[in-house]
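Q: Please take a close look at one part of this protein, a pair of neighbouring helices, and then set that part in the context of the whole chain.

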Amino acid sequence: MATTASLALLVQSIIQLLQMVCNELDEATCSHLQQYAQQLSQATTRLLQEMQQSALAWGDLLFAASQQWQVWAVVGVLVLIVRLCQRLSERSPQPASSGAEDSSSSDTECGERQRERKDSGDYERPLFGSFAGRVRLSAQRLAYRSRVVEELVGDLLAVLQKRLSNSFFPVLQPAIGVGSAFEGWSPCGRDAVYRLLVPLKPPRGHSYRLELGTAAEMPAKDSRVRVELACTCAREQLCFLHHPEAEELRRKPAASLQHTLCTGSYLDVQKIAQWFQDLVTSAWQDMPQARCYSMKVLPSKRSCKLQLTDASGKSLLVDIVFGVQQGDSDIFLSSQDTTEAAGEYTFSPSTTWAESYAVAEVKFFRHVARQAPHDTSHLKCLQLFAAILLGTGFSTSTFKTVAMHLLNTIPVSSWSRRELHMRLQDMLWYLRGCLDDKRLDHFFFANENMPEDIILPPAFQTAPLINLFQHLLHNPAAHAKAMREADKLQERLTALLFYGH
């Protein structure tokens, strides 16, 4: 009973302190803290009831309580309050001499601007220690290297397009940077993989027919791309369908798409990857960057992986995947194996293509960046969570989905670096709520709040909601494990807030 009373007194004190702090803050921050206080009060009530009903001894009671996520929520709010109090003390007026009162308004404005420029950095240092600095440097490095990779791959494709201009091979389109490195964050730091998707258009006289997975299998993982002949009588002198001379040309193995890059009538991912790797190897010496980088093609069956090493020995890892666009949308069928990307390794036939949302995701983060103020911290939230996810069953794609849902709900103006700790806790609480409900909705299906510049196939709006936590509904062991790992994430986040690591 002593523990129960002490905990109740602690929570009441925290809530009272929250109310006092709110009196000194702006309306938006105050409203958010009041929501925290309400959630904390409800969570603690449940915890106290559990404690009162338990017959555990003193030592066991402390151990059981320490395993509850609500306790860590209390600690998290304590950290929040300490940090807010520090900020309030920094903002409190200092005694000024009469000479300071007589200083010009221009000097005052200049000093304010200087404080604003360094405020975000000063705010992060006591909150995360050296970790914030590492994240900031990592983001700068990602931005610079992304530009280098985009320019290099663009030059490479220009050389290949010139060589393939009169062939019947797929037409290479400009590469699109996708994945965390091009979104502005990366879980790999220095070892980031710079992934680009190269759309493949059908050559003249050919067309693609996409055979998507059934609705029950969405998101589709076993789609296929059927290659068919198309009538070109209106544009070409020779039509593969209607002219015998063209038919003879089509049957030549060296000139035929169906003979070289297909299995049966379907585009073969592995054949395309090998074809492209051979092209890159033969064309590299024609590249201006060949004087700056040595290039090595790494083994890959479904993409073209390049290791580029400069004179100082520093390397860039580039992964070029191939895609076929669905209509004029931002959704592609991709050569990248989604099971491999998720850390799973299962056999996928070489004629199967996975539905990819990577281009739509990049466009979403660019949409947010255009609307967000300069000090927005949503990418830093993803970078921080990527660091504490190691050793858990949660993937970075899960937290990216959580972040996109919250960015679509919480105004971007509320993602400033001043509110970084609030958004971190929001993401963790959102995940916890999804685990409680055993439901995390796919971001791009049946989402009525989609930005207008993201183009989705019409079927996406009418499709049923897709639950990414579907596997937890009928697997109590997996659900219990996920809940324990969410508790572990809360512990790690609290340690990050306290100690910066």
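A: The following account describes the packing of one helix pair, then a single residue, in a predicted model.

The pair consists of helix 14, residues 378-388, and helix 15, residues 396-407, whose axes come within 10 Å and cross at roughly 155°. Angles over 145 degrees count as roughly antiparallel, and helix 14 and helix 15 are therefore roughly antiparallel to each other. The crossing in which helix 14 passes helix 15 is right-handed. On the side of helix 14, the contact is made by His 378, Leu 382, Phe 385 and Ala 386; helix 15 contributes Thr 396, Phe 399, Lys 400, Ala 403 and Leu 407. Sorted by class, the residues of this contact between helix 14 and helix 15 comprise six nonpolar, two polar and one charged.

A second site is Ser 334, which lies in strand 11, residues 332-334. Because its relative accessibility is 3%, Ser 334 counts as buried. Its side chain reaches the backbone nitrogen of Gln 336 at 3.0 Å. Leaving aside residues up to four places away in sequence, Ser 334 touches Leu 197, Val 321, Phe 322, Gly 323, Trp 353, Ala 354 and Ser 356.

As for the whole protein, there are 18 helices and twelve strands. Of its 501 residues, 48% count as buried. Among contacts with a separation of 6 or more, 67% are accounted for by residues 24 or more positions apart.

Key: Residues numbered from 1 in each chain as written. Predicted model: local features only at pLDDT ≥ 70, side-chain atom pairs only at ≥ 80, totals over all residues. Heavy atoms only, no water. Axes fitted to C-alpha atoms, helices over the stretch in contact; angles between N-to-C directions. Helix = DSSP H or I, 4+ residues; strand = E, 2+ residues; numbered from the N terminus. Parallel < 35°, antiparallel > 145°, perpendicular 65-115°, else oblique. Left-handed = near helix turned anticlockwise from the far one by under 90°. Contact = heavy atoms within 4.5 Å. Nonpolar A, V, L, I, M, F, W, Y, C, P; charged D, E, K, R; others polar. Buried < 20%, exposed > 50% of the residue type's maximum accessible area, 1.4 Å probe, protein only. Polar contact = N/O pair within 3.5 Å; in protein donor to acceptor, adjacent residues only side chain to side chain.
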